[in-house]
Amino acid sequence: MPEAILDVQNVTLKFGGLTALDDVSFHINEGEILGLIGPNGAGKTTCFNAVTGVYRPTSGNILFQGASIVGLKKHAITKSGIARTFQNIRLFPTMTALENVLVGADAQHSTGMLSALFRLPKHRREEKDGHDRAMEVLRFMGIHRKADELAANLSYGDQRRLEIARAMATGPKLICLDEPAAGFNPAEKVELMNLIRKVRDQGYTVLLIEHDMRLVMGVTDRIVVLEFGRKIAEGVPAEIRDNPAVIAAYLGVDEEDAS
Ligand SMILES: Nc1ncnc2c1ncn2[C@@H]1O[C@H](COP(=O)(O)OP(=O)(O)OP(=O)(O)O)[C@@H](O)[C@H]1O
């Protein structure tokens, strides 16, 4: 039996009168690439926000590695091993690519402010480890030659890659990618698909929100479909592709994407 790394249990999340998530349950097995899809406004990003501590579910529970993370602050959730990227790129534009990744790596430091101020040996060692790890993830993402360039000066594609690098540098077990292919051309999407597989092969578990059906079908192990905040289907890509409810709710709205 594969082990669930993330277990979303009957999560409901309301914004005033609007129910953005309605009794949603699903799990992700360790080492899996799980796709979360659904039409605009279905609740995908809200689901990410619940998992990463931005919003607290109105009811239900979310277990990560067997322990509830509901009510934990965002940084505590990052530290526990969940990282994310955002639909709209959120880098520090006036920092270099390397510095952006180091900010991510900082989440893993165990030494506090005082040892940082006095540059105690343990802190210096962590700084060096952080730097090495940051360069390693930049290399993994294929952008290590741009380590010293300002994030603002990177191409759009490299900024997206840098976002993933920054998430990886927090040393997560689970990486949540919110539409990482947005704005990519077909060749870049294929490259991204390979990269997501490579990320998984490195031992990470991946939760992926993506509108591009070809990418979702091509890269995920399983897919969860939301519509109006409810889970309407769950299964392997071939099952989802043939599911009438999904076709009606999602694939039907954009046949070109669905093909
Ligand atoms: N902070 C908020 N306050 C009020 N309503 C919100 C908030 N965030 C999201 N919603 C609403 O919750 C519903 C789900 O939104 P969400 O962004 O999770 O959908 P989505 O599936 O990610 O959509 P998209 O594909 O367009 O990004 C929508 O009706 C949205 O307007």
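Let's start with the shell of residues around the ligand, which divides into 4 nonpolar, 6 polar and 1 charged. Keep in mind that you are looking at a predicted model. The residues around the ligand are Phe15, Leu18, Ala20, Gly38, Asn40, Gly41, Ala42, Gly43, Lys44, Thr45 and Thr46. Two elements give two or more residues each to this shell: strand E2 (18–29) and helix H1. Which of the elements gives the largest share? That is H1, with 3 residues.

Helix H1 deserves a visit of its own. H1 covers residues 44–51, and 7 of its 8 residues are buried, so the helix is largely enclosed by the rest of the structure. Try finding the buried ones on your screen: Lys44, Thr46, Cys47, Phe48, Asn49, Ala50 and Val51. Two of these names, Lys44 and Thr46, may look familiar, as they are among the residues around the ligand. After H1 comes Gly53, which has a positive phi, near 85°.

What does H1 lie against? On one sheet, H1 lies across strand E3 (33–37), E6, E7, E8 and strand E9 (222–227), and H1 runs at about 150° to E7. This sheet is open and is formed by 6 strands in the order E6-E7-E8-E3-E9-E10, with mixed pairing. Its edge strands are E6 (82–84) and E10 (230–235), and each of them pairs on one side only. From one strand to the next, the twist averages 20°.

Now follow one pair of strands inside that sheet. Strand E7 (residues 174–178) and strand E8 (residues 205–209) run parallel and pair over 5 bridges. For a single example, look for Leu177, whose bridge partner in E8 is Leu208. Helix H7 (residues 186–201) also packs on this sheet, where it touches E3, E7 and E8, and the direction of H7 makes about 150° with that of E8.

Strand E8 also holds Val206. Is Val206 buried or exposed? A residue counts as buried if 20 or more other C-beta atoms lie within 10 Å of its own. Val206 has 22 C-beta neighbours inside 10 Å, so Val206 counts as buried. Leaving out residues up to four places away in sequence, Val206 touches Ile33, Ile175, Leu177, Ile196, Val199 and Arg200. Ala152 is another story: it is 54 residues from Val206 in sequence, and the two lie 27 Å apart in space, C-alpha to C-alpha.

For a contrast, move to Gly203, in the loop between H7 and E8. Gly203 has 9 C-beta neighbours inside 10 Å and therefore counts as exposed. Which distance separates Gly203 from Gly31 in space? They are 172 residues apart in sequence, and their C-alpha atoms are 6.1 Å apart.

Next comes the other sheet that H1 packs on. This open sheet has 4 strands in the order E2-E1-E4-E5, and the pairing is antiparallel. E2 and strand E5 (67–68) stand at the edges with a single partner strand each, so one side of each is left without a neighbour in the sheet. Strand E1 (residues 4–15) and E2 run antiparallel and are joined by 8 bridges. Among the residues involved is Val8, whose bridge partner in E2 is Phe26. Here H1 touches E1, E2 and strand E4 (59–64), and its direction makes about 65° with that of E2.

Finally, step back to see the whole chain. It has 11 helices and 10 strands, and of its 259 residues, 39% count as buried. Among contacts with a separation of 6 or more, 66% join residues 24 or more positions apart. The chain is divided into domain 1 (1–81 + 173–259) and domain 2 (90–171). How many residues of each domain are in contact with the other? The counts are 9 residues of domain 1 and 8 residues of domain 2. On the domain 1 side, helix H2 (74–80) and E7 are the elements that give two or more residues, and H2 gives the most, with 3 residues. The residues on this side divide into 4 nonpolar, 3 polar and 2 charged.

Definitions and conventions
Residues are numbered from 1 along each chain as its sequence is written. This is a predicted model: local features need pLDDT of at least 70, side-chain atom pairs count only at pLDDT 80 or more; totals for chains, interfaces and linings use all residues. Two strands pair if DSSP finds at least two bridges between them. Axes are lines fitted to C-alpha atoms, for helices over the stretch in contact, and angles run from 0 to 180 degrees between N-to-C directions. Two residues are in contact if their C-beta atoms, placed from the backbone, lie within 7 Å. A residue is buried if 20 or more other C-beta atoms lie within 10 Å of its own, exposed if 12 or fewer, and partly exposed in between; C-beta atoms are placed from the backbone. A residue is near a molecule or strand if its C-beta atom, placed from the backbone, lies within 6 Å of it. Ala, Val, Leu, Ile, Met, Phe, Trp, Tyr, Cys and Pro count as nonpolar, Asp, Glu, Lys and Arg as charged, and the others, Gly among them, as polar. Domain bounds come from an automatic or database domain assignment.
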